[in-house]
Amino acid sequence: MNNDTIFALSSAPGKSGVAVIRVSGDNLSPLFGRIINKDKFDVRHAYFTNLKDDNGDLIDQCVVVFFKGPNSFTGTDIIEIYSHGAPAVIDKIFDFLRGFNARIATRGEFSRRAFYNNKMDLTDVDGLIALLDAQTDKQRQSALKSLTGNDAKIYTNWREQMIEISAYAAAILDYDADDLPVDIDKKIINQTNDLLNELKDGISGYRSTRAIRNGFNIALVGETNVGKSSIFNKLVGSNRAIVSDIAGTTRDVVSTQIDIDGYLVNLSDTAGIRDATDEIEKIGIERTHNEIENADLVLYVYTNVPDEIKPDGITVINKSDLLTDTTNNAVIYTSVKNNTGFDELINAIKDKMHELMAGSESRIAINERTYELLNDAIDEMESAINKYDGNYDIFAEHIRRGADAIGKILGTITTSEIADATFSRLCLGK
Ligand SMILES: Nc1nc2c(ncn2[C@@H]2O[C@H](COP(=O)(O)OP(=O)(O)OP(=O)(O)O)[C@@H](O)[C@H]2O)c(=O)[nH]1
Ligand SMILES: [Mg+2]
């Protein structure tokens with residue numbers, strides 16, 4: 001691994017009180033000595049310095065810290081420079097660093113170094129990506145769990161068990177029964193079954209993890225003019241969607257993100273469903289149907305209690321100010337006009353979200369990448385068990401392939417495409 005000297009702005013670009021510039025490389029002691037103008041210094045110690053260019057002109061007053069590899073984020077030497085957060089200062093410091101043969105880092109290059117220097121595995125990187133994107137508290141918690149190695153521990157344990165099982169299976173082929181533990185074949189099959197159940201349990205949290213990471217999709221659906229857009233605006237807290245008494249006002253999906261109870265929610269207002277003759281409205285209604293399919297939760301809006309209440313989703317009876325009977329417990333009555341029923345509606349949404357999340361306090365956080373690989377591992381283990389006919393050769397091969405799939409999740413077994421795809425999702429300076 002070539003650890004040439006790279007640098008990047010680690011804080012957000014633009015004007016700020018303090019900017020953080022990170023430098024990574026194999027031997028940064030001379031550079032650090034030059035920055036603080038001292039031959040000897042302590043690691044992990046904050047030094048105040050008047051940073052000067054080669055002409056002796058002051059660049060900025062900075063605080064700098066030296067982290068000696070391998071005890072650093074990347075495993076290489078790292079210098080952190082805290083300067084004033086002005087674009088002109090940052091540019092000048094970048095120029096200064098270029099003078100020391102350093103180059104600007106590519107996207108995700110710091111984390112890539114951490115990965116190749118065994119400071120992070122790919123599940124940690126997934127966690128870091130998710131943490132940097134976290135908008136809500138639940139997202140922060142879930143990401144931190146991955147980032148701090150919770151997932152890696154579980155995957156590593158699964159992989160080790162698979163390697164052990166395949167090693168035993170191979171031993172059955174190679175050794176006399178007398179030399180092997182009693183009932184070894186039964187034990188292998190039992191352990192494989194137990195492990196398979198654990199993996200299935202882990203993957204079952206995917207839907208909720210996805211909902212936490214990407215947001216919970218909630219769609220407002222119903223006939224025209226029942227007040228979907230009015231409810232949408234009420235929940236969002238601003239007049240995002242057009243409201244009018246003309247049926248068929250909303251013709252396209254209007255979506256926005258809101259925070260309900262710490263969960264990120266992608267709320268969509270849709271075109272009212274009716275037998276439209278207008279071409280554009282027809283397309284809008286088609287989109288409504290797509291939105292229902294993608295939704296984790298549908299709010300069905302009416303102005304009267306329907307004959308049939310859909311068991312999934314929440315049934316909302318809006319314009320309750322026009323009703324005399326508002327006593328049906330299976331529905332939520334709202335009135336945008338009188339501003340009533342919205343606490344009940346929000347509570348019902350929270351309950352539904354918690355229902356969906358229940359049992360999903362899954363042990364691992366799963367994203368699209370890990371979901372596919374975990375599925376591969378499950379398929380291989382199922383094949384191993386289903387195709388087992390006393391022949392351990394094929395059995396062991398399936399388990400080995402399962403272990404490889406888990407190895408790919410961790411990045412222990414890695415193709416550069418997997419790593420590249422992961423790191424390119426990070427920003428500069430990470
Ligand atoms: N009385 C009463 N009128 C309401 C209420 N909510 C909405 N309205 C009115 O009903 C009309 C339709 O509201 P919208 O929010 O545009 O209805 P929509 O379901 O989005 O309609 P489409 O986009 O055409 O499908 C508007 O004139 C609103 O002011 C309510 O709670 N009570
Ligand atoms: Mg509308």
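Here are a few notes on the sheet, the helices packed on it and the magnesium site in this predicted model.

1. Start with the sheet. It is open and has six strands, running 8-9-7-10-11-12 with mixed pairing. Strand 8 (254–260) and strand 12 (332–333) sit at the edges, each with a pairing partner on one side only.

2. Next, have a look at strands 7 and 9. Strand 7 covers residues 216–222 and strand 9 covers residues 263–269; the two run parallel and are joined by five bridges. If you want one pair to zoom in on, Ala 219 has Ser 268 in strand 9 as its bridge partner.

3. Two helices to check against the sheet. Helix 9 (residues 228–236) packs on it and touches strands 7, 8 and 9, plus strand 10 (297–302) and strand 11 (314–317). The direction of helix 9 makes about 155° with that of strand 9. Helix 11 (residues 342–357) also packs on the sheet, touching strands 7, 8, 9, 10, 11 and 12. For helix 11, the angle is about 175° with the direction of strand 11.

4. Now the metal. Which protein atoms are the donors of the magnesium ion (ligand 2)? They are OG of Ser 229 and OG1 of Thr 250, lying 2.0 Å from the ion. Ser 229 belongs to helix 9, while Thr 250 is in the loop between helix 9 and strand 8, so the pair ties together parts 21 residues apart in sequence.

5. Are those two donor residues buried or exposed? Ser 229 is buried, at 9% relative accessible area. Thr 250 counts as buried too, with 13% relative accessibility, because the cut-off for buried is under 20%.

Notes
Residues numbered from 1 in each chain as written. Chains lettered and ligands numbered in written order. Predicted model: local features only at pLDDT ≥ 70, side-chain atom pairs only at ≥ 80, totals over all residues. Heavy atoms only, no water. Pairing = 2+ DSSP bridges. Helix = DSSP H or I, 4+ residues; strand = E, 2+ residues; numbered from the N terminus. Contact = heavy atoms within 4.5 Å. Axes fitted to C-alpha atoms, helices over the stretch in contact; angles between N-to-C directions. Donors = N, O, S within 2.8 Å, 3.2 Å for Na, K, Ca; no water. Buried < 20%, exposed > 50% of the residue type's maximum accessible area, 1.4 Å probe, protein only.
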